Number of protein chains: 2
Amino acid sequence: MIGHSAKIPLPSLKRLPGYVHFLRSLKCEGVATVSTTAIGRALRLDPTQVRKDLACTGAEGRPRVGYRVDDLIVVLEEFLGWRNVSEAFLVGAGHLGSALLGYEGLRNHGLDVIAAFDSHPAKVGQDVHGVKVLDIERLPGLARRMGVHIGVLTVPVDAAQEVAERMVEGGILSIWNFAPVSLQLPEKIFVQNGELYAQLAVLLRRTEEAVSRKTPSTPEVA
Amino acid sequence: MIGHSAKIPLPSLKRLPGYVHFLRSLKCEGVATVSTTAIGRALRLDPTQVRKDLACTGAEGRPRVGYRVDDLIVVLEEFLGWRNVSEAFLVGAGHLGSALLGYEGLRNHGLDVIAAFDSHPAKVGQDVHGVKVLDIERLPGLARRMGVHIGVLTVPVDAAQEVAERMVEGGILSIWNFAPVSLQLPEKIFVQNGELYAQLAVLLRRTEEAVSRKTPSTPEVA
DNA sequence: AGAAAAAAGAGAAAAAAATCTCTATTTCCA
DNA sequence: TGGAAATAGAGATTTTTTTCTCTTTTTTCT
């Protein structure tokens, strides 16, 4: 169950994990309270924006003091659904897939990958970072029987659409898709794309801008 | 050099890679022209929005016909800087780092990781997917000497800040940061966060919404 | 050839998000 | 005890992004 079922703007929701990370580090340092001014400085965000984001989660602060770090962490983790993790299946035990399986982080962030699947016979039966790799054929049945609603998709592009359909067949409701394709699935299925390439695009552009600032070579010939 | 140095909205820029992926698949099927209506249908976007995005890149279409697939791919790849890849260094040859190194995709998306670095003696000297792993100490010098401006950061949280500073020391201008911390660096350095957890947050929330739609159990007791 | 359909492109409108302004509260300090 | 400073929180404004509307162009069909 996810807390405070109210409507939150998508950009706000995306910023929340960053707040939790920062707050956890504060807690480690023994800091008791924090202001949105301080959070904003650390995360390079406008304090008002931070305040608005926090307000969406139901958190409350006190003037002149700020928010209690401990309480705020709890409220945010509750809101994000990190306090009772959701079970997920992962398909594609390749490089990226294994990396995600080995990523302890996920479990602290609300996601528990309880089984992996692959079509490659050599991989089936293996144990990747403590998670059993099963034959992809078994996915629909197991997903339905175990009530798993989340699928992580780390297969090559060519296989992505087909695997996604198997997931849907098994009652999966949301897919975290790391393949660079737009999956064609029923309207009701939520697909979160990995956006690796979107991020890379932004990175390259910004870099290019920075480089050409340093080297103003092209003098804009008219 | 990146094409059409004009200003493009960030959301538009992020959508461009998706267009290229779709266009490439069309090209494989031998499709010669495509309309924004068709692109929108495939990627679940408003056709007008697709048109606006494409306009930013300088692409031109023809009424009643659409855009020439071949030309559009070239224009977009040019705009994204995918035609002459940028060199990058990666630090942290752990699970995620190796996964990225093994990811052929990056080179087709404008990024060429030419060397990896790690502080762990056991990893230094190894060869991960064809990329040599060097001692982190050598990064600043090599970056400066080779004119590398992009750094990919896949180290554990605790090391992230320190490694990022070494990168900056070596003249790195942009960092792709996969550690869940907000790096404190000079203003001019661009940091693109991996946003894994931001995506996960959205995924979990949407899933929760979908599940509670199916099971309207909590009748909102007043 | 002329009418109809499909789509680009430009501009306007609407929606969403970020930022700014102001007020009220709380704490610290003199 | 009173004033000053810092900050939450609410509301207004601005900016950005998305969506809608209309016009023009091109192609196809009769």
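1. In this predicted model, strand S4(A) gives the most to the lining of the largest cavity, with three residues. That cavity has a volume of about 70 Å³, and its lining is made up of Leu100(A), Leu101(A), Tyr103(A), Glu104(A), Leu106(A), Arg107(A), Leu111(A), Asp112(A), Val113(A) and Val131(A). The elements that give two or more residues to this lining are H5 and S4 of chain A, and by class the lining divides into seven nonpolar, no polar and three charged residues.

2. Two cavities of 30 Å³ or more are counted, and the second largest encloses about 60 Å³ of space. Both chains contribute to its wall, which is formed by Leu96, Leu100, Phe178 and Leu196 of chain A together with Leu96, Leu100, Phe178 and Leu196 of chain B. H5 of chain A and H5 of chain B each supply at least two of these residues, and the lining comprises eight nonpolar residues, with no polar and no charged ones.

3. As for the relation between the copies, chain A can be laid on chain B with an RMSD of 0.0 Å by a turn of 180° and a shift of 0.0 Å along the axis, which is the relation of a two-fold axis. Since 98% of the interface residues of chain A are also interface residues in chain B, the copies meet through the same surface.

4. Chain A holds an open sheet of seven strands with mixed pairing, in the order S5-S6-S4-S3-S7-S8-S9. Strand S5 (127–128) and strand S9 (190–193) of chain A stand at the edges, each with a single partner strand, so one side of each is left without a neighbour in the sheet. S5(A) runs antiparallel to strand S6 (residues 131–135) of chain A and is joined to S6(A) by two bridges, with Asp127(A) standing opposite Lys132(A) in S6(A).

5. Two helices of chain A should be read together with this sheet. Helix H5 (residues 95–102) of chain A lies across S3, S4, S5, S6 and S7 of chain A, running at about 155° to S3(A), whereas helix H6 (residues 139–146) of chain A packs on the sheet by touching S3, S4 and S6 of chain A, its direction making about 180° with that of S3(A).

6. Among the open spaces, the second largest pocket has a volume of about 820 Å³; of the 37 residues that line this pocket, the closest to its centre are Thr154(B), Val155(B), Pro156(B), Val157(B) and Ala179(B). Helix H1 (10–28) of chain A is one of the elements that give two or more residues to the lining, while H7(B) gives the most, with five residues. The lining divides into 17 nonpolar, 13 polar and seven charged residues.

Notes: Residues are numbered from 1 along each chain as its sequence is written. Chains are lettered from A and ligands numbered from 1 in the order in which they are written. This is a predicted model: local features need pLDDT of at least 70, side-chain atom pairs count only at pLDDT 80 or more; totals for chains, interfaces and linings use all residues. Side-chain values use heavy atoms; hydrogens and water are left out. On a 1 Å grid over the protein atoms alone, a cavity is a set of points where a 1.4 Å probe fits but cannot get out, and a pocket is an open set with protein on both sides within 12 Å along at least five of seven lines; lining residues have an atom within 4 Å of a point. Grid points are joined across faces, edges and corners, and a volume is the space filled by probe spheres set on the points. Helices (H or I, at least four residues) and strands (E, at least two) are DSSP runs, numbered from the N terminus. Ala, Val, Leu, Ile, Met, Phe, Trp, Tyr, Cys and Pro count as nonpolar, Asp, Glu, Lys and Arg as charged, and the others, Gly among them, as polar. Copies are superposed by least squares on the C-alpha atoms of residues with pLDDT of at least 70 in both. Contact means heavy atoms within 4.5 Å. Two strands pair if DSSP finds at least two bridges between them. Axes are lines fitted to C-alpha atoms, for helices over the stretch in contact, and angles run from 0 to 180 degrees between N-to-C directions.
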